[in-house]
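Me: I should like to learn how to read the features of a multi-chain model, beginning with its sheets. Please give the general idea in each case and then the example.

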Amino acid sequence: MLEIKGLTKHFGGLAALNGLDLNISQGELVALIGPNGAGKTTVFNLITGFLRPTSGKIMFVGVDVTALKPHSVAERGIARTFQTASVFREFTVLQNIMAACQLKPKVGFWEAALHTPSSRNKEKFILNRALEIMQFVGLGGVKDRVAQSLPHGHQRILGIAIALATEPKLLLLDEPLSGMNAEEVNNTKALIHRIWQRGITILLIEHNMGATMSLCQKIAVLNFGNKIAEGPPNQIKQNKEVIQAYLGTVEYAP
Amino acid sequence: MSASALAQSLLNGLVSGGIYILVALGMTLILSITRIVQLAHGEVYMVGAYCVYYLCARAGVNFFVALVISMLLVGGFGILLERFFFRPFREQLLRPLIVCVGLMLFLQNAALVITGGTPKSIPSPFPGVSRILGLTVSWERLIIVLIGLGFVSATLLLIQKTKVGQAMVAISQDREVAALQGINIDHISAIAMFLGSALAAVAGGLVGAMFSVSPFMGGFALMKGIAVIVLGGLGSIPGAVIGGLILGLIDGVIPPLLTTQLAGLVGFGAIILILLLRPQGILGHE
Amino acid sequence: MSKRIELTKTLGYGALILFLFLIPLITEEPYTLHIFIMIGINIILASSLRLILNSGQLSLAHGGMMAIGAYTSALLVTKLGISSWTALVLSGAASSSLAFFVGFPFVRLKGIYFAIITIFLGQIIILTGEQWESLTGGSVGILNIPRPDPIVIPGLLNMNFGSKMDFYYFILILTLITLLILYGLENSRITLTWRSIQQADFLAESVGVHTAKFKVLAFSIGCFFAGLVGGFYSQYVRVVSPRTFDLSFAIYVMVYMVAGGMGRFSGPILGAFFLTGFIELFRVLKEFQPFVFAGALMLIVFFLPDGLVGLPKRLWKLLNMKLTHA
């Protein structure tokens, strides 16, 4: 589904990413791990069009999406979450998700401006979809709370709901579990699993090793912009290079 | 156009350029560190000009000394402005603009009421002309170019070579990171305001000597300052220098060259064309 | 919202609008009508500025955009003899076309940088007006602009725009239409999208919003109304000169918006209403008026963060505090 070939990104003289090759098949749940600064978020930014690669190609369902702008990438079916500023702070939870329902259906300028019956039908549809997504992610109880006032964990989940609103085929999650307590981690893990069961392919960046190992079937490891390993969790756990890369960092917890 | 006329135009262009750079450099320092568009910068320039006028024409102080005193006074004034009018609205977009308009109104009309409004002239400190390379050049213009050059160079050196200057660069690039590295944003903001306002005062004094001093002279300076920072690069200090030079030379050379109606617009027109292709200016970052 | 409250609100607005239509019959004093006309102009300007702000951009080119509209109407009517009504619409179109033309490169800039470049845009427009004498009449401008074409409905209506009253109704209808359109947009998905861009533009982009397109859209629509009101202005004052529309003008429009409150639709309306009145009231102070105005600006900025719309809430809080401490 997602084919990355030779993806490279240089910032000035620094190579943030060096010739990454990665393939993700439909229906997989893949993790991208590595120490801080390894280039993981850069990969996300490149896939979703927020950064232009120095060289390399990204193919999605057979289409070259390398040079597309982020909104076009979203139209193609790739959605993502963000680590910081992951929600629309001044909107309520429901407004957040409704604002994110931009693609299916698309509401045109004139029908929206003139409040035509067709646009009102679309809005009803969008409202129902938003409510459904809200329930699905477990935020049903805080429908009218302003996003800013939510605890951190809920905000991250709202970020996931926002991404789901685009009905993606591929979902990129940027550290979905960071800053969460044990209970929130479990809930979010379950949510990710539910999303995956709905048939959405998932690529996630995470530092929480325990959760990553138990969720994913395949893990790719980056270090200093290079992929140093790829394989199922138990293989990665024992990979010498991976252990070395993490040695000296506090992140590694088997 | 004859060679000597061209040379004269170039010199005029350099003089204009020098003034533009002084104003724009000050605005850029203030903008990149306090994130505020100092719309009252023209009025600060005007206050500097009046300081020099009163010291020179009324108190008989030597021009250079007056310039320095004016710098210190106006710089101090800038620090007060930052502390009481800008700091409360840090990180905001609209309110600082309104504050600047209030200051602008206040200063313009205070000057009008206090001085009566008729333009005054600062007696020329350097009368006479000299002959250089077969051209007749007024001492005044020459020395003003040198003074301008001097202050600009001093400022650039300060930014490059001192800790304070480096702190300014750090803040202008990334405020949060700079704060995390222990840089005292409040102190540096005050210094930036001091420097920026002082440079404006120098520009005002020089223009007052070349032309005249009036309560509304600031509008022109603000307009040119904005044009320069937009051309040279928003938030870029070297950009202010390059932009000022380019605009000064265009303004010096084009109008005498083309006597059409629109000659005065060529400078601004060129800038707009550049902006359509590169909105962040020559050296700006988006 | 309950049906009864909705009904009361609608009736309230209806009564207000009726009252506005009756004002020229209550007072025929031309100066009072002039103030109301200026209020109408400023309401349109401040509200359209807020529309642009809703998409996360502060435009300080509104003075210049109004100038474009004013000059377009003046030139079309005086030099090409076009009907003043057509000229009015074309005034709006001219400004919004310019906004669209420079829009895509300009909206790549964010926050204060966009504001600065719009300052520059406004300045260029004024400068062009001053320098291109053969077209615009230079600093003096265009004089003796004819009155708007009369509206005659035999037996019912004869507006020849010889009196302030006719202009009052002209701007009243223009303002009501503008507010209707803006209100319709305010409650549509378009404003939801704009506001999502305002809060987190990369997030909006990631859910499929073509943020550049929407920003240019907001800028163009906002500038349309600035141009429209510029056209009206040229037909009302019948003289256009460049300096009227300088940077200070654009900032005053921003002040009306901020003073009234940017968060609510009614904010700019209140701000324009109260501040226009304020300025006129204090005109008698002559050379001290700018000081008073500057002082008022400072008061608003320091003590009214939410603008006038936030005043009831603030007073309520203050009152509550006093009562609980009593």
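Me: Which strand order does the open sheet of four strands in chain A have?

Reply: A sheet is read by its strand order and by the sense of its pairing. In this predicted model, the four strands of chain A follow the order β2-β1-β4-β5, and their pairing is antiparallel. The edge strands are β2 (14–24) and β5 (63–64) of chain A, each of which pairs on one side only.

Me: How many bridges join β1 to β2 in chain A?

Reply: Strand β1 (residues 2–11) of chain A is joined to β2(A) by seven bridges, and the two run antiparallel. To fix the register, one may take a single pair: Leu7(A) has Leu20(A) of β2(A) as its bridge partner.

Me: Which strands of this sheet does helix α1 of chain A lie across?

Reply: Helix α1 (residues 40–47) of chain A lies across β1, β2 and β4 (55–60) of chain A. With β2(A), the helix makes an angle of about 70 degrees.

Me: What is the order of the strands in the open sheet of six strands in chain A, and what is the pairing?

Reply: The order is β6-β7-β8-β3-β9-β10 (chain A), and the pairing is mixed. At the edges stand β6 (78–80) and β10 (226–231) of chain A; each has a single partner strand, so one side of each has no neighbour in the sheet. On average, and with direction ignored, neighbouring strands of this sheet are turned by 20 degrees against each other. Helix α1(A) packs on this sheet as well, where it touches β3 (29–33), β6, β7 (170–174), β8 (201–205) and β9 of chain A. The direction of α1(A) makes about 145 degrees with that of β7(A).

Me: How does one recognise mixed pairing in the individual strand pairs?

Reply: One takes the pairs in turn. β3(A) and β8(A) pair in the parallel sense over four bridges, with Leu32(A) opposite Ile205(A) of β8(A). β7(A) and β8(A) also run parallel, joined by five bridges, and Leu172(A) has Leu203(A) as its bridge partner in β8(A). Between these two strands the chain passes from β7(A) through helix α7 (residues 182–197) of chain A to β8(A), in a right-handed β-α-β crossover. By contrast, strand β9 (residues 218–223) of chain A runs antiparallel to β10(A), with five bridges between them. In that pair, Val221(A) stands opposite Ala229(A).

Me: Which way do the residues of β8(A) point, and are they buried or exposed?

Reply: In a regular strand, side chains alternate between the two faces of the sheet. From β8(A), Thr201(A), Leu203(A) and Ile205(A) point one way, whereas Ile202(A) and Leu204(A) point the other way. Five of the five residues of β8(A) are buried, so the strand is largely enclosed by the rest of the structure.

Me: How should I read the packing of two helices?

Reply: Two packed helices are described by the angle between their axes and the distance between the axes. Helix α9 (residues 218–232) and helix α10 (residues 237–257) of chain B have axes that come within 8 Å and cross at roughly 115 degrees. The crossing of α9(B) and α10(B) is right-handed. Residues making the contact include Val228(B) and Leu231(B) of α9(B), and Ile242(B) and Ile246(B) of α10(B). By class, the contact of α9(B) with α10(B) has eight nonpolar, four polar and one charged residue.

Me: Where is Met193(B) placed, and is Met193(B) buried or exposed?

Reply: Met193(B) belongs to helix α8 (residues 185–210) of chain B. Burial is judged by counting neighbours: Met193(B) has 29 other C-beta atoms within 10 Å and is buried, the cut-off being 20 or more. Leaving aside residues up to four places away in sequence, Met193(B) touches Ile30(B), Thr34(B), Gly78(B), Ile79(B), Leu81(B) and Glu82(B).

Me: Which chains share the most contacts?

Reply: Two pairs of chains are in contact, and chains B and C share the most contacts. Chain A and chain B do not touch, their nearest C-alpha atoms being 14 Å apart.

Me: How many residues do chain C and chain A each give to their contact?

Reply: Chain C gives 18 residues and chain A gives 26 residues. On the side of chain C that touches chain A, α7 (164–186), α8 (189–199) and α9 (201–206) of chain C each supply at least two residues. α8(C) gives the most, with six residues. By class, this side of chain C has eight nonpolar, eight polar and two charged residues.

Conventions. Residues numbered from 1 in each chain as written. Chains lettered and ligands numbered in written order. Predicted model: local features only at pLDDT ≥ 70, side-chain atom pairs only at ≥ 80, totals over all residues. Pairing = 2+ DSSP bridges. Contact = placed C-beta atoms within 7 Å. Axes fitted to C-alpha atoms, helices over the stretch in contact; angles between N-to-C directions. Nonpolar A, V, L, I, M, F, W, Y, C, P; charged D, E, K, R; others polar. Buried ≥ 20, exposed ≤ 12 C-beta atoms within 10 Å, placed from the backbone. Right-handed = clockwise from strand over helix to strand, strands pointing away. Left-handed = near helix turned anticlockwise from the far one by under 90°.
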